[in-house]
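Please consider the model below, beginning with its sheet and continuing to its side-chain contacts.

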Amino acid sequence: YATGTRKDVLPSGLQTVFFCNGDVKQTATSRRVVYYHAEADTTHVSEPDGTQLYHFPNGQVERHFADGLKEIVFADGSLKV
């Protein structure tokens with residue numbers, strides 16, 4: 001693209017978009033989307049069932065379920081629901 005964005009499509013159907021700001025978005029044929037936010041060094045995964053996962057650089061992982069429930073696993077292993 002003219003903006004510097006590049007899109008690759010593999011024979012498997014996996015699509016990867018490389019944005020000029022360093023972000024990367026991968027979309028699988030299963031509808032699972034993985035988006036890496038380069039500036040924040042954070043990964044956001046959208047599952048087909050509506051579950052959202054967030055992986056932070058400090059080791060914290062958040063899982064947000066479609067029903068509104070949130071689960072947070074902190075870097076020390078402790079869990080908050």
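A residue is called buried under 20% relative accessible area, exposed over 50%, and partly exposed in between, with a 1.4 Å probe and protein chains only. The model is predicted, so local features need pLDDT of at least 70 and side-chain atom pairs count only at pLDDT 80 or more, while totals for chains, interfaces and linings use all residues. Residues are numbered from 1 along each chain as its sequence is written, and side-chain values use heavy atoms, with hydrogens and water left out.

The description starts with the sheet. Strands are DSSP runs of E with at least two residues, numbered from the N terminus, and two strands pair if DSSP finds at least two bridges between them. Nine strands make up an open sheet in the order 1-2-3-4-5-6-7-8-9, with antiparallel pairing. Its edges are strand 1 (6-9) and strand 9 (79-80), each of which pairs on one side only.

At the first of these edges, four bridges connect strand 1 with strand 2 (residues 15-18) in the antiparallel sense. Arg-6 has Phe-18 of strand 2 as its bridge partner. The side chain of Arg-6 also meets that of Asp-8 in a salt bridge (3.1 Å, N to O); a salt bridge is a side-chain nitrogen of Lys or Arg within 4 Å of a carboxyl oxygen of Asp or Glu. Side chains of opposite charge can pair when their charged atoms come close. Arg-6 counts as partly exposed at 44% relative accessibility, and Asp-8 counts as partly exposed at 30%.

How many salt bridges does a search of the whole structure find? The search finds three. Another of them joins Glu-47 and Arg-32, whose closest N and O atoms are 3.0 Å apart. Glu-47 lies in the loop between strand 5 and strand 6, and Arg-32 in the loop between strand 3 (24-27) and strand 4 (33-37), so this pair ties together parts that are 15 residues apart in sequence. Glu-47 is partly exposed at 23% relative accessibility, and Arg-32 is partly exposed with a relative accessible area of 35%.

Strand 5 (residues 42-46) holds His-44. The side chains of His-44 and Gln-52 are joined by a polar contact of 2.5 Å. Such a contact is a pair of N or O atoms within 3.5 Å; within protein, one must be able to donate a hydrogen and the other to accept it, and residues adjacent in sequence count only if both atoms are side-chain atoms. Not counting residues up to four places away in sequence, His-44 touches Val-33, Val-34, Tyr-35, His-37, Gln-52, Leu-53 and Tyr-54, where contact means heavy atoms within 4.5 Å.

Thr-51 belongs to the loop between strand 5 and strand 6 (52-55). Is Thr-51 buried or exposed? With a relative accessible area of 7%, Thr-51 is buried. Its contacts, leaving aside neighbours within four places in sequence, are Val-45, Ser-46, Arg-63, His-64 and Phe-65. The side chain of Thr-51 also makes a polar contact of 2.9 Å with that of Asp-49.

Strand 7 (61-64) follows strand 6, and the two pair in the antiparallel sense over four bridges. Here Tyr-54 has Glu-62 of strand 7 as its bridge partner. The hairpin of these strands has five residues between them, and in it Gly-59 takes a positive phi near 95°. Along strand 7 the side chains alternate: Glu-62 and His-64 point to one face and are buried, whereas Val-61 and Arg-63 point to the other and are not.

On its other side, strand 7 is joined by four bridges to strand 8, and the two run antiparallel. Arg-63 has Glu-71 of strand 8 as its bridge partner, and the side chains of Arg-63 and Glu-71 also meet in a salt bridge (3.6 Å, N to O). Glu-71 is partly exposed, with a relative accessible area of 26%, and Arg-63 is partly exposed at 30%. The hairpin of strand 7 and strand 8 has five residues between the strands, and Gly-68 in the turn has a positive phi of about 100°. Gly-68 is exposed, with a relative accessible area of 51%.

At the remaining edge, strand 9 contains Leu-79, which is exposed with a relative accessible area of 52%.
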